[in-house]
Amino acid sequence: RQSIDAGIITSAELESATSLPVFGAIPDFRGGRYKVEHAGEFFLALRDDPEGAIAEAYRSVRANLKFALSADKKIKSIAFTSSSQGEGKSVTNLDMALAFALSGKRVIVVDADMRRPVVHKYLGLELTPGLSEILADKARWSECVHKTSFENLHVITAGAQPRNPGDLLEGKTCETVMGELREAYDLVVFDVPPALVVA
């Protein structure tokens, strides 16, 4: 049975298969041993259960990332993704952004998943104006920054769904905006689409 099972179960197996370090593991808060009973549809551990095990797991990943990123001061943007929809990438991006913001960093989250945006729902923000308007040269990024209830955390939502999000992201405007955001903030966190779903 073990020889037939080609799945990866443990962090050690993942490190062995990829030859990459594992920065941490976030328990499933929807079920199992670490289930959070009061977790609603838009649950964020560091906002809704800051003393819980899930929030502590995110703080542990933050500590490991800080150590890894300290070797290269030029790295000022990160993105967590997943292979398919519904695996927790947006939750992870938002909780990690919160973890860094609560530690004193000026952080901005950019919802770059313009096909299925959810960042605005987690934070109770308006969808527009946002990234699609910025990349279509209909608004400046500074006009689209949403403040949150956390002093150091700002957000650019996805904006109205464009017909060609991939083309917008490949354009010169996107490159310029990314550079300006890295200058204005300590850390830019991009919520991107699942890696195996879209180009």
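Is Ser-19 buried or exposed? In this predicted model, Ser-19 counts as exposed because its relative accessibility is 66%, and its place is in the loop between helix 1 (11-18) and helix 2 (45-48). The backbone of Ser-19 has a phi near 60 degrees, which is a positive value in a residue other than glycine.

## The sheet

The model contains an open sheet of five strands, arranged in the order 1-5-2-4-3 and with mixed pairing. Strand 1 (77-79) and strand 3 (145-147) each have a single partner strand and stand at the edges, so one side of each is left without a neighbour in the sheet. On average, and with direction ignored, neighbouring strands of this sheet are turned by 25 degrees against each other. Helix 8 (residues 172-184) packs on the sheet and touches strand 1, strand 2, strand 4 and strand 5 (187-191), while the direction of helix 8 makes about 135 degrees with that of strand 5.

Strand 2 (residues 107-111) runs parallel to strand 4 (residues 153-156), to which it is joined by four bridges, and strand 2 also runs parallel to strand 5, with five bridges joining the two. Strand 3 and strand 4, by contrast, pair in the antiparallel sense over three bridges, and these two strands form a hairpin with five residues between them. Residue pairs that stand opposite each other across the sheet are listed below.

| Residue | Partner residue | Strand of the partner |
|---|---|---|
| Val-107 | Leu-153 | strand 4 |
| Val-109 | Val-155 | strand 4 |
| Ile-108 | Val-188 | strand 5 |
| Val-145 | Ile-156 | strand 4 |

How many of the residues of strand 2 are buried? Five of the five are, so strand 2 is largely enclosed by the rest of the structure. From strand 2, Val-107, Val-109 and Asp-111 point one way, whereas Ile-108 and Val-110 point the other way, and all are buried. A charged residue, Asp-111, is thus listed among the buried residues of this strand. Strand 4 is likewise covered on both faces, with Leu-153 and Val-155 buried on one side and His-154 and Ile-156 buried on the other. Two of the pairs in the table can be read against this burial: Val-109, which is buried in strand 2, stands opposite Val-155, and Val-155 is itself buried in strand 4. In the same way, Val-107 is buried and stands opposite Leu-153, which is also buried.

## The contact of helix 3 with helix 4

Helix 3 (residues 53-69) and helix 4 (residues 89-102) pack at an angle of about 70 degrees, and their axes are 9 Å apart. That angle makes helix 3 roughly perpendicular to helix 4, because values from 65 to 115 degrees count as roughly perpendicular. The crossing in which helix 3 passes helix 4 is right-handed. On the side of helix 3, the residues that meet helix 4 are Tyr-58, Val-61, Arg-62, Leu-65 and Lys-66, and on the side of helix 4 they are Val-91, Thr-92, Asp-95, Met-96, Ala-99 and Phe-100. Sorted by class, this contact has seven nonpolar, one polar and three charged residues.

## Helix 6 and the loops beside it

Before helix 6, the loop between helix 5 (119-123) and helix 6 holds Pro-129. The peptide bond from Thr-128 to Pro-129 is cis, with omega near -5 degrees.

Helix 6 (residues 131-135) includes Leu-135, which counts as buried because its relative accessibility is 5%, against a cut-off of under 20% for burial. Leaving aside residues up to four places away in sequence, Leu-135 touches Met-114, Leu-168, Leu-169, Thr-173 and Cys-174. From C-alpha to C-alpha, Leu-135 and Ser-82 are 24 Å apart in space, and 53 residues separate them in sequence.

In the loop between helix 6 and strand 3 lies Asp-137. Although Asp-137 is not a glycine, it has a positive phi of about 60 degrees. Asp-137 counts as exposed because its relative accessibility is 59%, and the cut-off for that class is over 50%.

Note on methods. Residues are numbered from 1 along each chain as its sequence is written. This is a predicted model: local features need pLDDT of at least 70, side-chain atom pairs count only at pLDDT 80 or more; totals for chains, interfaces and linings use all residues. Side-chain values use heavy atoms; hydrogens and water are left out. Two strands pair if DSSP finds at least two bridges between them. Axes are lines fitted to C-alpha atoms, for helices over the stretch in contact, and angles run from 0 to 180 degrees between N-to-C directions. Contact means heavy atoms within 4.5 Å. Buried means under 20% relative accessible area, exposed over 50%, partly exposed in between (1.4 Å probe, protein chains only). Angles under 35 degrees count as roughly parallel, over 145 as roughly antiparallel, 65 to 115 as roughly perpendicular and the rest as oblique. A crossing is left-handed if the near helix is turned anticlockwise from the far one by less than a right angle, and right-handed if clockwise.
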